[in-house]
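Open the structure in your viewer and keep the selection tool ready. We will go stop by stop.

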Amino acid sequence: VLPLARTAANLARQVLEKAAFLAPRCAVLHPPTGSPRMQRCLLAGFAHHWQKHCDVPLLLENVAHSDIFSLGQGFLQDHGLGLCLDVGHLLGYVQKGLLHSALPRQAAMLHWSAPGNGDQHLPLTAFTPEQRHIAQGLMADAPPTATHMIEVFNWDGLSASLPVLATLAGED
């Protein structure tokens, strides 16, 4: 397992080096598939090798097969990792454990999209009323230092999402 984690960390650092001219402030990693035990093992090894050779903070993102909450209390802190809270994933995959945990209040970055059918990365205008209510709570609980990124992959959807995000942030 450790050689796999080391290889993955080395490859990820090579990708980061190609983007160094952009001066990235953090890197976002999707957890591997597998049981929470396997994820913890691989992620701990990855984090160890990443941090040994790189000072760019590493954030884990909640995805369909891992809500991050299932890794266990203290896992992120124990391994020097942060959280990238993907709001669309949380809503689309109904990640209630994550939603009702303390983790959203620790997010260093939030990715914003409406889920549609799971993970469609729709504009924030596509939030249902219930999703918008949850999103308002997540925005209110987000640390003031968190970075907010709209993760909608077309210009019209991104443009339509900006005023919604501003409203959620109380900037309207």
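Before you click, note that this is a predicted model.

**Stop 1: strand β4**

Select residues 109-112, which form strand β4. Show the side chains. M109 and H111 point one way from the strand, while L110 and W112 point the other way. Are these four buried or exposed? All of them are buried.

Now add strand β5, residues 147-150. How do β4 and β5 pair? They run in the parallel sense, over 4 bridges. Find two matching positions across the pair. M109 stands opposite T147 in β5. H111 has M149 in β5 as its bridge partner.

Next, select strand β3, residues 82-86. β3 also pairs with β4 in the parallel sense, here over 3 bridges. Look at L85: its bridge partner in β4 is L110.

**Stop 2: from β4 to β5 over a helix**

Add helix α6, residues 129-141. Trace the chain from β4 through α6 to β5. Together these three make a right-handed β-α-β unit.

Pause in the loop between β4 and α6 and pick H121. Its phi is near 55°, a positive value in a residue other than glycine. H121 counts as buried because its relative accessibility is 12%, and the cut-off for buried is under 20%.

**Stop 3: H89 and its surroundings**

Stay with H121 on screen and select H89. H89 lies in helix α4, residues 87-92. How buried is H89? Its relative accessible area is 4%, so H89 is buried.

What touches H89, leaving aside neighbours within four places in sequence? The contacts are E61, N62, V63, V94, Q95, D119 and H121. Zoom in on N62. Its backbone oxygen lies 2.8 Å from a polar atom of the H89 side chain.

**Stop 4: helix α7**

Select residues 155-168, which make up helix α7. The helix has 14 residues. From its first C-alpha to its last, α7 reaches 20 Å, close to the 20 Å expected at 1.5 Å a residue.

Where does α7 bend? Look at L162: the bend there is about 25°. A proline, P163, follows within four residues.

Now color the buried residues of α7: G157, S161, V164, L165 and L168. What covers them? The cover includes β4, α6 and β5, so you are back at elements you have already selected.

Step just past the end of α7 to G170. This glycine takes a positive phi of about 75°.

**Stop 5: helix α1 and the loop after it**

Select residues 2-18, helix α1, and pick out R13. Is R13 buried or exposed? R13 is buried, with a relative accessible area of 12%.

Show what R13 touches, again leaving aside neighbours within four places in sequence. The contacts are H49, W50, H53 and C54. Take H53 as an example. R13 and H53 are 40 residues apart along the chain, yet their C-alpha atoms are separated by 8.4 Å.

Last, move into the loop between α1 and β1 (27-29) and click A23. A23 has a positive phi of about 55° although it is not a glycine. Why does A23 count as exposed? Because its relative accessible area is 56%, and exposed means over 50%.

Key: Residues are numbered from 1 along each chain as its sequence is written. This is a predicted model: local features need pLDDT of at least 70, side-chain atom pairs count only at pLDDT 80 or more; totals for chains, interfaces and linings use all residues. Side-chain values use heavy atoms; hydrogens and water are left out. Helices (H or I, at least four residues) and strands (E, at least two) are DSSP runs, numbered from the N terminus. Buried means under 20% relative accessible area, exposed over 50%, partly exposed in between (1.4 Å probe, protein chains only). A polar contact is a pair of N or O atoms within 3.5 Å; within protein, one must be able to donate a hydrogen and the other to accept it, and residues adjacent in sequence count only if both atoms are side-chain atoms. Contact means heavy atoms within 4.5 Å. Two strands pair if DSSP finds at least two bridges between them. A crossover is right-handed if, with the strands pointing away from the viewer, the path from the first strand over the helix to the second runs clockwise. The expected span of a helix is 1.5 Å times one less than its number of residues. The bend at a residue is the angle between axes fitted to the seven residues ending there and the seven starting there.
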